[in-house]
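Please take a moment with the model shown here before reading on. The paragraphs below lead from a small sheet to the way the chains meet.

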Number of protein chains: 2
Amino acid sequence: MEQLREWRSRIAAELEAVVAFWERHSHDPEHGGFFSCLSRDGSVYDDTKFVWLQGRQIWVYSRLYRTVPRFRRPELLEAARKAGEFLQRHVRPEPGSTRAAFALRRDGRPERLQRSFYSEAFCALGLDELGRAAGEPRYRLLGDPKRDPPSEPDPEAEAMVEWGARHVLMHLQRGDSVVLENVSPEGEELPGSLGRLMNPGHALEAGWLLLELSGRRGDADLGARAVAGLVEGPLRWGWDPQHGGLFYFLDADGHCPTQLEWSLKLWWPHAEALVALLAAQRLQPRPELISRFLHMAQFTFDKFRDPEHGEWFGYLNRDGSVALSIKGGPYKGCFHVARALLMCEEMLGDILDKEEIKE
Amino acid sequence: MEQLREWRSRIAAELEAVVAFWERHSHDPEHGGFFSCLSRDGSVYDDTKFVWLQGRQIWVYSRLYRTVPRFRRPELLEAARKAGEFLQRHVRPEPGSTRAAFALRRDGRPERLQRSFYSEAFCALGLDELGRAAGEPRYRLLGDPKRDPPSEPDPEAEAMVEWGARHVLMHLQRGDSVVLENVSPEGEELPGSLGRLMNPGHALEAGWLLLELSGRRGDADLGARAVAGLVEGPLRWGWDPQHGGLFYFLDADGHCPTQLEWSLKLWWPHAEALVALLAAQRLQPRPELISRFLHMAQFTFDKFRDPEHGEWFGYLNRDGSVALSIKGGPYKGCFHVARALLMCEEMLGDILDKEEIKE
């Protein structure tokens with residue numbers, strides 16, 4: 001337990017350092033909102049505002065402000081609020097639209113729209129959390145006042161969660177021995193490379209989401225299946241035996257993936273792995289899970305963390321050398337690292353509290 | 001010139017070996033058409049038929065059959081014909097559609113459509129060349145009999161060529177010192193990383209296309225601009241001084257690109273470079289261009305060619321090690337290598353003939 005205690009301190013300090021990096025480099029005092037395209041030293045190499053990362057950074061700041069006493073700093077809430085207002089002013093490609101742009105110019109003019117709905121999802125995530133942190137429901141409304149979350153469980157939302165969980169489980173294939181990135185709408189394996197594609201990071205992320213759900217529902221069967229198939233599985237088949245680290249993509253039959261970036265080691269699957277291992281440990285305490293967590297934490301801090309300028313590198317070559325020196329870009333901002341550190345700090349607290357009660 | 005003579009033989013032999021690889025491994029005797037997803041040893045790892053690569057392989061086989069006496073083998077034309085008929089039967093997503101699918105199942109059922117028009121373009125390219133090779137205009141028609149190319153220059157087609165050349169030249173920016181992948185419709189530099197993105201391979205490919213045009217038109221100014229800006233330029237700023245080879249993407253201001261695959265060395269930019277250098281040499285004979293060609297040819301054959309199983313690797317890491325062991329996939333098939341070898345063989349012939357006349 002001593003090692004876990006040390007990691008709790010290390011993770012708490014890293015969370016402070018990471019948030020400080022984004023506070024120092026990413027704020028736009030002129031227009032509000034956040035720059036995410038930051039070079040290794042934090043300087044802005046592109047002032048495009050990517051909407052996924054606006055919503056996500058609003059979420060991080062608001063959640064920290066609301067739930068972690070040492071982050072209850074007015075300037076953190078103020079930055080989230082300014083970004084929330086920037087989104088509310090500019091994110092719709094035209095007035096009254098229910099769509100959100102994918103990228104905005106620095107001053108808010110819409111630049112690009114995506115076909116998928118992730119921009120909308122991350123706006124909703126960020127603004128909802130901002131509404132809770134600020135205690136002002138106006139941020140929680142994306143346009144429809146009927147959708148203000150009621151305090152009672154919402155049957156429509158619960159049905160969506162149920163639908164989501166069922167669809168995640170469809171990706172567990174071949175007797176739960178693999179997690180396939182793409183399956184048919186009926187949950188059948190698709191032909192060819194597309195059907196055999198695996199993404200260990202997505203599997204691990206899905207793993208801890210289902211573990212949260214199984215905890216909330218007291219559904220032990222779901223939890224056990226998630227630990228075996230979505231946490232221990234991807235850590236086994238997704239790990240590079242030669243250089244260590246989780247591959248970005250793999251082929252379930254061992255062919256070479258056709259994705260050019262398949263062998264890169266990305267920061268976020270490793271962040272998700274840390275969360276997934278502690279979520280598994282909370283449900284099924286086992287020394288094996290603790291030692292995997294310690295190993296993963298050491299690997300991740302050694303390889304991704306930048307002790308010189310702060311924050312984590314996002315993209316390493318297979319051998320662990322840095323492939324892209326940027327700290328942020330169109331898809332990396334203030335989100336996965338901070339969220340993982342926050343969740344690990346919380347879960348390590350729970351695990352250590354229980355141990356202290358036993359002792 | 002002795003070295004050029006040696007390279008002409010080596011390139012001619014390599015062209016034979018490369019075509020033999022695709023004849024041995026990529027034909028589908030059952031349904032017609034070509035598999036492009038081939039592992040290192042040529043075995044099929046996915047039987048999806050990618051339409052870009054159907055059209056391109058039809059072009060290669062037909063062009064070789066029509067223009068190179070030693071490739072005038074009936075079985076080559078027969079394979080192209082079977083693939084052409086496969087496309088004519090299956091490529092339209094629905095009857096009467098003017099669109100072509102992006103990917104078909106092995107038996108021809110449409111699987112995916114793309115928004116861009118490259119599937120249609122490569123179908124037209126392949127079927128047109130098949131029509132010339134077979135001497136049967138029916139292959140040249142994609143549906144509209146009025147579009148059968150007349151023997152007189154077609155003013156509409158010439159206007160399109162003019163439009164294309166003008167738009168290629170818009171990508172030469174900053175006093176022709178860089179070639180930007182994306183510019184505004186008016187030819188202005190775009191803001192941010194998107195605007196600064198460079199792709200040396202595309203620049204080199206555009207370079208030899210404009211050199212062909214300048215030759216056809218006797219436009220020496222266009223030729224000189226293409227040699228300086230689109231051949232010598234990208235070979236200077238696109239070359240990796242540390243490990244050699246052309247980067248896939250770069251940022252015109254020296255920032256780290258946001259493309260995860262930016263530092264990979266791909267086969268096709270190197271194939272385009274060989275063509276571009278000889279096209280430049282034909283226009284502006286200079287020892288410097290010859291020595292660059294010899295160096296590029298040696299690098300390319302050393303790094304990309306697979307002496308064990310034939311064909312070229314497509315994707316190397318920055319340091320030159322193999323990143324993807326596949327010989328073909330959704331975007332690599334029987335096209336760039338064979339086309340470059342064919343064009344280099346022809347151009348080396350021209351260059352050496354002229355030298356012999358001088359001697």
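Two strands are said to pair if DSSP finds at least two bridges between them, and strands themselves are DSSP runs of at least two residues, numbered from the N terminus. With that in mind, and remembering that this is a predicted model, one can begin in chain B, where Leu104(B) stands opposite Pro110(B), a residue of strand S5(B). Strand S4 of chain B, which covers residues 103-104, pairs with S5(B) in the antiparallel sense, and two bridges join them. This pairing belongs to an open sheet of three strands in chain B, ordered S3-S4-S5, in which the pairing is antiparallel. At its edges lie strand S3 (49-50) and strand S5 (110-112) of chain B, each of which pairs on one side only.

From this sheet the view can widen to the two chains together. Chain A is superposed on chain B by a rotation of 180°, with 0.0 Å of shift along the rotation axis and an RMSD of 0.0 Å. That is the relation of a two-fold axis. Within chain A, the C-alpha nearest this axis belongs to Glu261(A), at 3.0 Å from it.

How many residues does the contact take from chain A and from chain B? The contact takes 27 residues from chain A and 27 residues from chain B. Because 100% of the interface residues of chain A are also interface residues in chain B, the copies meet through the same surface.

Between them, chain A and chain B bury about 2,100 Å², and 62% of this area is on carbon and sulfur atoms. On the side of chain A, the residues that lose the most area to chain B are Tyr45(A), Cys256(A) and Leu260(A), which together account for 28% of what that side buries.

As for polar features, the rule finds zero salt bridges across the interface of chain A and chain B, whereas six residue pairs, both residues at pLDDT 80 or more, are in polar contact between these chains. Several elements of chain A contribute to the side that touches chain B: strand S2 (44-46), helix H6 (192-196) and strand S12 (322-324) each supply at least two residues. The largest share, four residues, comes from H6(A). Sorted by character, the residues of chain A on the side that touches chain B divide into 15 nonpolar, seven polar and five charged.

Key. Residues are numbered from 1 along each chain as its sequence is written. Chains are lettered from A and ligands numbered from 1 in the order in which they are written. This is a predicted model: local features need pLDDT of at least 70, side-chain atom pairs count only at pLDDT 80 or more; totals for chains, interfaces and linings use all residues. Side-chain values use heavy atoms; hydrogens and water are left out. Contact means heavy atoms within 4.5 Å. Buried area is the accessible area (1.4 Å probe) that two parts lose on being put together, summed over both. A salt bridge is a side-chain nitrogen of Lys or Arg within 4 Å of a carboxyl oxygen of Asp or Glu. A polar contact is a pair of N or O atoms within 3.5 Å; within protein, one must be able to donate a hydrogen and the other to accept it, and residues adjacent in sequence count only if both atoms are side-chain atoms. Ala, Val, Leu, Ile, Met, Phe, Trp, Tyr, Cys and Pro count as nonpolar, Asp, Glu, Lys and Arg as charged, and the others, Gly among them, as polar. Copies are superposed by least squares on the C-alpha atoms of residues with pLDDT of at least 70 in both.
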